[in-house]
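Biologist: Before I rely on the terms used for a model, I should like to see each one set against its definition. Could we go through them in turn?

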Amino acid sequence: MFRCDPKSTPVPETDRAHMSNTAISEDQVESTIAGALAAGGRFGLKVAESKKILREVFTAVSDGRKTGRQLRLKASTLNAYASAFENPFMHEARRLLGQ
């Protein structure tokens, strides 16, 4: 069963304390990008499709700070949201994508 993990959505660390964690599947307690890729077949996705989606999402959020500056967000706002875009999930995605 796929459920969204608040650690993988663009939510600052301070707000995550108020959200519940959910698992990617019944077999996995810890949410990981690799686990989500492995569960893709259960949702009709081939490995290549899952990696394509991961690459698209990674590309969209990997420059969160740069995008924020382009939108003229205050430095304090960018700093508050930094943990939403610079976190272990991004490091794992980068590694899995070979970047």
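Modeller: The exchange below takes the terms one by one.

Modeller: This is a predicted model, in which local features need pLDDT of at least 70 and side-chain atom pairs count only at pLDDT 80 or more, while totals for chains, interfaces and linings use all residues. Residues are numbered from 1 along each chain as its sequence is written, and side-chain values use heavy atoms, with hydrogens and water left out.

Biologist: How do you know how many helices and strands the chain has?

Modeller: Helices (H or I, at least four residues) and strands (E, at least two) are DSSP runs, numbered from the N terminus. By that rule the chain has six helices and zero strands, and the order from the N terminus is α-α-α-α-α-α.

Biologist: What makes the pair Glu56 and Lys52 a salt bridge?

Modeller: The term requires a side-chain nitrogen of Lys or Arg within 4 Å of a carboxyl oxygen of Asp or Glu. The closest N and O atoms of Glu56 and Lys52 are 3.4 Å apart, so the pair qualifies. Both residues belong to helix 3 (residues 47-62), and being four residues apart they are separated by about one helical turn.

Biologist: Why is Lys52 called exposed, and what is Glu56 called?

Modeller: Buried means under 20% relative accessible area, exposed over 50%, and partly exposed in between (1.4 Å probe, protein chains only). Lys52 has 54% relative accessibility and is therefore exposed, whereas Glu56, at 45%, is partly exposed.

Biologist: Which residues form a salt bridge with a distance of 3.4 Å, N to O, besides that pair?

Modeller: The side chains of Glu86 and Arg65 do so. Glu86 lies in the loop between helix 5 (75-85) and helix 6 (88-96) and Arg65 in helix 4 (residues 64-70), so the pair ties together parts that are 21 residues apart in sequence. Glu86 is partly exposed at 46% relative accessibility, and Arg65 is partly exposed at 28%. A search of the whole structure finds two salt bridges.

Biologist: What makes a set of eight residues the largest nonpolar core?

Modeller: A nonpolar core is a set of buried Ala, Val, Leu, Ile, Met, Phe, Trp, Tyr and Cys residues joined through side-chain atoms within 4.5 Å. The largest such set comprises Ile33, Leu37, Leu54, Phe58, Phe89, Met90, Ala93 and Leu97. Helix 2 (33-39), helix 3 and helix 6 each supply at least two residues of this core, and helix 6 gives the most, with three.

Biologist: Which residues is Leu97 in contact with, leaving aside its neighbours within four places in sequence?

Modeller: Contact means heavy atoms within 4.5 Å. On that basis Leu97 is in contact with Lys51, Leu54, Arg55 and Phe58.

Biologist: Why can Leu45 be counted in a nonpolar patch on the surface?

Modeller: Patches are made of residues with over 30% relative accessible area and no salt bridge; like charges are joined within 9 Å, nonpolar side chains (Val, Leu, Ile, Met, Phe, Trp, Tyr) within 5 Å. Leu45 has 31% relative accessibility, so it passes the accessibility cut-off. Leu45 lies in the loop between helix 2 and helix 3, and forms the patch with Phe43, Ile53 and Val57.

Biologist: What makes the phi of Arg72 notable?

Modeller: Most residues other than glycine have a negative phi. Arg72 is not a glycine, yet its phi is positive, at about 65 degrees. Arg72 is placed in the loop between helix 4 and helix 5 and, at 77% relative accessibility, counts as exposed.

How values were computed
Areas by Shrake-Rupley, 256 points an atom, 1.4 Å probe, with all protein chains shown as cover.
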